[in-house]
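Please look through the structure shown here with its chains side by side, taking the contact between them before the interior of each chain.

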Amino acid sequence: MAPRDASAVTEVVRTGSLAARPVGYRQRWRHLDKSVFLWLFLIGVLLVLVINPLARLFWVSLQHVDTGALTLENYVTAYGRWRYLEALVNSLVLGLSVAVVCTLFGVPMAWAVSRTDMPGKGLVWAAILGTFIVPSYLGAVAWILLAGPNAGWLNRAYMWLTGAAAGPFNIYSMTGLVLIVAAYSFPYMFVFTRSALDMISSEMEDAASTLGAGILRTTLRVTLPLTLPAILAAIIVVFLEAIALFGAPALIALPGRFQVITTMLWQFFEFPPKVQVAAAYSMPLLAITVGLFWLQRRLTGRKGYVAMTGKGGERRPVRLGKWRWVMLGYCLFVTSLSFFLPMVVVLQAAFAKAWGRGFSLDNLTLHNVRFVLVDQPLTKAATLHTFVYGATAAAIALALALCIAYIVQRRLVPFGNALSFLAMAPFVIPGIVLAIGFYAAYTQPPLLLYGTAWILILAFATRFLPIAYANSDAAIRGINPELEDAVRILGGGRLMAIRRVVMPLLKRALAGAFILVFIPATRELSAAIFLYTTGTQVLSVLLFDKSDEGNFEILASIGLILVVITVALVMLGFRLVGRDFMLRRTSA
Amino acid sequence: MTKLTLRNVSRTFGSVVAVDDFSLALAQGEFVALLGPSGCGKTTTLRMIAGLLDPSAGTIEMDGEVISSPGSSLPPEKRGMSMIFQSYAIWPNMTVAENVAFGLQVRRVSRAETRTKVEQILDVVQMRHLRDRYPAELSGGQQQRVALARAIVVQPAVLLLDEPLSNLDANLREEMRYEIRRLHDEFHITTVYVTHDQAEAMVTSDRIAVMNQGRVEQVDEPRALYARPRTRFVAGFIGRTNFLDGEVRDGEVAFDRFAIGLEQFAEAPALSGRVSFSLRPQSIRLLRQRPPASSGSSAIPGHVVQRAYLGEHWDYVVRPADSGLQLRVTARPHEVFEVGETVWLEVDPRQMAHIQ
Ligand SMILES: Nc1ncnc2c1ncn2[C@@H]1O[C@H](COP(=O)(O)OP(=O)(O)OP(=O)(O)O)[C@@H](O)[C@H]1O
Ligand SMILES: [Mg+2]
C-alpha cells in the first residue's frame with residue numbers, strides 16, 4: 001500500500017538506501033538525450049562559419065607578409081599613404097551624402113504615402129518595390145547609359161535640345177556615385193519612416209491643430225519628431241549600406257579616378273594579393289559598422305519609440321489640395337531616378353544591336369539574351385551557378401538558422417543568447433570584409449576551399465544567415481512547445497518531433513525564408529568578387545567583369561536576367577507566403 | 001505495489017521556488033489528483049514526472065528505478081508515459097486518426113493492429129465518425145477527447161493529465177469528469193491528474209494531494225480530505241468552512257464566549273494550548289429550542305445575522321451569544337429562521353477537524 005502522506009514518504013527517504021545511491025555514469029549515459037550531439041555539431045558549424053573568418057581576419061592583419069611573424073606593419077602600410085587615407089575619407093563623404101540625399105528622397109515620400117491624400121500611391125509603392133528589385137550595380141550600369149559623358153541619354157537629350165556641343169552630366173564623379181547609391185538605398189528610408197508614421201494616430205496631430213497650429217507646423221513640430229528615431233535608424237542603415245557597397249563604386253569610381261574603402265580593398269587584391277594589408281585596411285569599416293549598428297539598436301529599442309508603436313489609433317489623411325500633384329510629381333521624379341529611367345535604358349540595351357542607335361525597331365534583337373543564356377558557355381555556366389549556389393546557400397543558411405533558433409528557443413543549451421548573437425552577427429559584417437575573412441581562412445590547409453564553389457556557397461550562407469535566423473526565430477516562436485512535448489512523451493524523441501510536427505507546421509514560413517535568402521544570394525557581388533575563380537563565376541561577377549569591355553548590351557542582358565530571376569522569386573514568395581512577405585527582411 | 005515515487009522533489013526557476021520538497025507515492029493503478037490554486041506548481045510537478053523538466057533536488061522513481069534526478073533524467077520518450085496537456089497539443093497537421101495512431105506507430109505496432117486499436121479507442125471516446133477531420137475542424141470538447149484517446153491508446157505506464165477540462169463549458173466539463181473516471185475504471189492506468197477544481201478532483205480520484213505554494217499540504221482520500229482537513233489551507237480550499245480558534249484549559253476547549261468539553265473531541269489527547277478547528281456549515285444544526293443534552297453534541301445559543309435562500313439550501317450566518325464569531329450554517333429549505341431570531345446551534349465536536 002502506498003504511504004498515506006508526505007511525511008511518511010519523507011521518512012522512507014531519510015532511512016532508505018535508494019536515495020543515497022549516487023548517479024552512475026552508466027545511468028547518465030542511458031538518460032542522455034542523444035540528439036544533444038547533433039546540437040553540439042550544429043553549434044560547431046555555426047562557430048566555424050561565423051567566428052573562423054573573423055578570427056582569421058584579425059590574425060592575418062597582424063601577420064608579417066612573408067614570415068608570418070606578429071607585426072603591426074600591415075597597419076602602417078594600410079594607413080601610411082595619403083592615397084589610402086583619401087579613400088577612407090571618400091567613403092565617409094559618400095556615406096554622409098547618401099544619407100542626406102536618402103532623407104530628402106525618402107522622408108517626404110513616406111509622409112505623402114502614409115499621411116496625405118496624394119493620388120497614385122499604388123504606383124509609387126510599386127516603383128519602390130521595383131527599386132528594391134534592381135541590384136545597385138545594375139543601377140550603376142543603367143546610369144552609365146543615362147549620364148555617361150557625351151554618349152549618355154541625358155547628355156544627348158540635352159545636346160539635342162540646346163544644340164550644345166557637350167552634355168553637362170558626368171556620372172563618373174562623386175556626385176554621380178552619391179546619386180546612384182542614394183537611388184538604391186532610399187527605399188530603406190521610405191520603409192522605416194512609413195512604418196513609424198503609420199503608428200502615429202491623427203489624435204496626436206489633432207491635439208496640435210486644435211491649439212491653432214497649421215498643417216505645416218503640426219507636421220514639423222509633432223509628426224516629424226515622433227518619427228525621428230525611425231529616421232535616424234534609417235540614416236544609419238543607408239550610411240552603412242553606402243560605405244560597404246562594392247559594385248556601384250567600382251563601376252563609377254574606378255573610371256572616375258577616385259577611390260573608396262571598398263575599391264581600395266579590391267585593389268589590394270590585385271595580383272599579387274596583399275591579404276594582410278587588406279585585412280588591416282578593413283578594420284575601420286568593420287568597427288564603424290559594428291558601432292553604428294549598436295547605436296541603431298539603442299535608438300529603435302528606446303522606450304518612447306516602442307510605446308508609440310503600441311496602437312495605431314484612427315488616422316485621417318492630410319488634405320494637400322493642389323499640392324498633392326506636386327507631391328506626386330516629386331515621388332515620380334525620385335522613382336524615375338531609381339526605377340523607371342534605369343529600367344527603360346536597361347531594357348533598351350538588352351534588346352538592342354547597339355544601344356547607342358536608340359529606340360527603333362530595326363535595332364531590336366534577341367541576340368544578347370540568347371548569347372548570355374545559350375551561346376556563350378561561360379555565361380551559361382554562370383547562370384546555372386547563380387541558381388545552384390544561391391539555392392544551396394539558402395538551404396544551408398536556413399537549415400542552420402532553423403536548428404540554432406530551435407536550440408535557443410527550447411533552451412537546449414545553457415548559452416543560447418550567445419548563439420543567437422552569433423547567428424545575427426554577420427548582419428553587421430560588411431560583405432566585403434566577410435569575403436576577406438573567408439579568403440584568409442580558406443586559402444590554405446586544413447580547409448582549402450578557395451577555388452571551389454563551396455567557398456562562395458558558404459560565404460553566401462554566412463552572409464545571409466541573419467535573414468534566415470530572424471525568420472526561423474519568428475516562425476518557431478509561433479509553435480507551442482507542448483506540441484513537441486506531446487510527441488516526446490508518446491515515445492517520439494526530439495528529432496521525430498521536429499520531423500513530424502515542427503517542419504510540417506513551418507513549411508510555409510520556411511519557404512518564405514528560403515526565398516528571402518535565395519534572392520540576395522543570387523545577386524550578391526561584394527563577397528563573390530573576392531572569392532570566385534575561373535570555374536565558379538556567377539552572373540553578378542560576370543556582369544562586373546564584363547564592364548571593362550564596354551559591351552553594355554551584354555551587361556544589360558545579364559542584369560535583366562538577374563532582375564527576372566528576382567521577380568520570379570518574389571512572385572513565388574507572394575504565392576506561397578502572402579503579401580507581407582517582402583517586408584519581413586527589414587525586420588532584422 | 002508502488003508504481004511511482006517522488007522523493008523530496010524541488011524545482012526552482014531562478015529565485016522562484018515552484019515546487020518545494022514534494023513527496024508522494026502512487027500505487028499501481030491508482031488515480032491521484034494534484035489540486036491547488038493557480039501557480040502552486042502543479043504543472044511543474046507534472047512536467048518533472050514526464051521528464052520534460054529536471055528537478056533541482058530530489059528524485060523520481062518508477063518501478064523502483066530512478067528516472068529523474070538533478071543531474072540526469074531519463075528523456076520523456078523513454079518513460080512509456082502519456083500526457084494530456086493544458087493546451088491539448090493536438091497536432092494540427094494530422095487528422096484525428098493520425099493523431100491517435102502516432103504513439104502506436106512510434107512503438108512499431110503493425111499497421112493492421114494500429115488500425116483496430118485506433119478504431120476501438122475512438123469508439124470509446126465516441127469520436128469514430130470524426131476520424132478524418134483535422135483538429136481545426138473540431139470543438140474544444142472533441143479535441144479533448146482526441147487528446148484522451150491519443151494518450152490512452154498506447155496503454156501508458158503512467159497517464160498524466162494537466163487540467164484537461166479547464167477549457168470546456170460547465171456542462172461538458174461535468175460530463176467529462178465521469179468519462180475520465182470511467183476510462184480509468186476500464187483501463188486501470190496509474191494516473192496523475194492536475195486540476196484547480198475541487199469537484200473535478202473529488203469525482204475522479206482515489207486520493208487527492210492538495211498543493212499550496214509548491215508544497216504538499218495533505219494527501220488523502222476525497223472524503224477524508226473534506227471531513228478531516230489537516231491545515232487551514234486545505235480546510236479553506238476544499239469546500240466552505242468555519243474556522244474556530246480556542247484554547248485548552250481545565251478540561252475544556254474555550255472559544256470566544258463558549259466552551260466545549262475536551263473529552264468530546266475526536267483528537268482529545270493531541271489537543272493542548274492554542275488550537276484551531278474547521279467546522280463545515282453542514283455539520284451545524286439550527287434549532288428553535290435548546291436540544292436535550294446528549295453525550296455526543298454541544299448546544300450553543302446565538303442569533304441569526306444574515307440569511308440567503310439558494311433553492312437547494314439555506315445559507316445562514318449565526319452569531320453565538322456575546323461572541324465576536326460569525327458561523328456559516330447550511331440548512332435544508334424547510335428550516336426557515338428570521339434574521340434576528342434567537343436560535344440554538346447544535347455542534348458535534350467529533351466533526352470539528354483540528355487544523356494547524
Ligand atoms: N519556465 C519558468 N520560468 C520561471 N518561472 C516559472 C516557469 N514555469 C513555472 N514558473 C513559476 O513556477 C510557479 C508554478 O508554476 P506552474 O506552472 O507549475 O503552476 P500551476 O500550478 O500549473 O498553475 P496553473 O493552475 O495556473 O496552471 C509559478 O509561480 C510560475 O510563475
Ligand atoms: Mg498549470
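The paragraphs below treat the interface, then two enclosed elements, and then the salt bridges.

The model is a predicted one, and local features are described only where pLDDT is at least 70. A convenient place to begin is the contact between the two chains, to which chain B contributes 48 residues and chain A contributes 37 residues. The size of an interface is often given as the accessible area lost when the parts come together. For chain B and chain A this buried area comes to about 3,600 Å², with 57% of it on carbon and sulfur atoms.

Polar and charged groups also take part in this contact. Eight residue pairs are in polar contact between chain B and chain A, counting pairs in which both residues have pLDDT 80 or more. On the side of chain B that touches chain A, the elements giving two or more residues are the strands β1 (2-13), β2 (16-27), β5 (65-68) and β6 (81-84), together with the helices α1 (42-50) and α2 (96-106) of chain B. Sorted by class, that side of chain B is made up of 23 nonpolar, 13 polar and twelve charged residues. Two salt bridges are found across the interface of chain B and chain A, and one of the salt bridges in the model joins the side chains of D485(A) and R47(B), with N and O 3.1 Å apart.

Away from the contact, two elements may be considered for how far they are covered. In chain A, helix α13 (residues 261-268) is largely enclosed by the rest of the structure, because seven of its eight residues are buried. The buried residues of α13(A) are I261(A), T262(A), T263(A), M264(A), L265(A), W266(A) and F268(A). In chain B, strand β19 (residues 342-347) is mostly covered, with five of its six residues buried.

Strand β19(B) also has pairing partners that can be followed residue by residue. Strand β15 (residues 284-287) of chain B runs antiparallel to β19(B) and is joined to it by four bridges, among them the one in which I284(B) has V347(B) as its partner. Strand β16 (residues 298-309) of chain B likewise pairs with β19(B) in the antiparallel sense, here over six bridges, and in this pairing P301(B) is matched with W344(B).

Which residue forms a salt bridge with R307(B)? The partner is E338(B), and the closest N and O atoms of the two are 3.7 Å apart. Because R307(B) lies in strand β16 of chain B and E338(B) in the loop between β18 (327-331) and β19 of chain B, the pair ties together parts that are 31 residues apart in sequence. R307(B) is partly exposed, at a relative accessible area of 33%, and E338(B) is also partly exposed, at 44%.

The model holds 34 salt bridges over all chains, and further examples can be traced in chain B. R350(B) forms a salt bridge with D348(B), in which the closest N and O atoms are 3.3 Å apart; R350(B) counts as partly exposed at 44% relative accessibility, whereas D348(B) counts as buried at 17%. Elsewhere in chain B, salt bridges with shared partners join E119(B), D123(B), R128(B), R131(B) and D132(B) into one network. Within that set of residues, the side chains of R128(B) and D123(B) meet with N and O 2.9 Å apart. R128(B) is partly exposed, with a relative accessible area of 37%, and D123(B) is partly exposed as well, at 41%.

Methods: Residues are numbered from 1 along each chain as its sequence is written. Chains are lettered from A and ligands numbered from 1 in the order in which they are written. Side-chain values use heavy atoms; hydrogens and water are left out. Contact means heavy atoms within 4.5 Å. Buried area is the accessible area (1.4 Å probe) that two parts lose on being put together, summed over both. A salt bridge is a side-chain nitrogen of Lys or Arg within 4 Å of a carboxyl oxygen of Asp or Glu. A polar contact is a pair of N or O atoms within 3.5 Å; within protein, one must be able to donate a hydrogen and the other to accept it, and residues adjacent in sequence count only if both atoms are side-chain atoms. Ala, Val, Leu, Ile, Met, Phe, Trp, Tyr, Cys and Pro count as nonpolar, Asp, Glu, Lys and Arg as charged, and the others, Gly among them, as polar. Buried means under 20% relative accessible area, exposed over 50%, partly exposed in between (1.4 Å probe, protein chains only). Two strands pair if DSSP finds at least two bridges between them.
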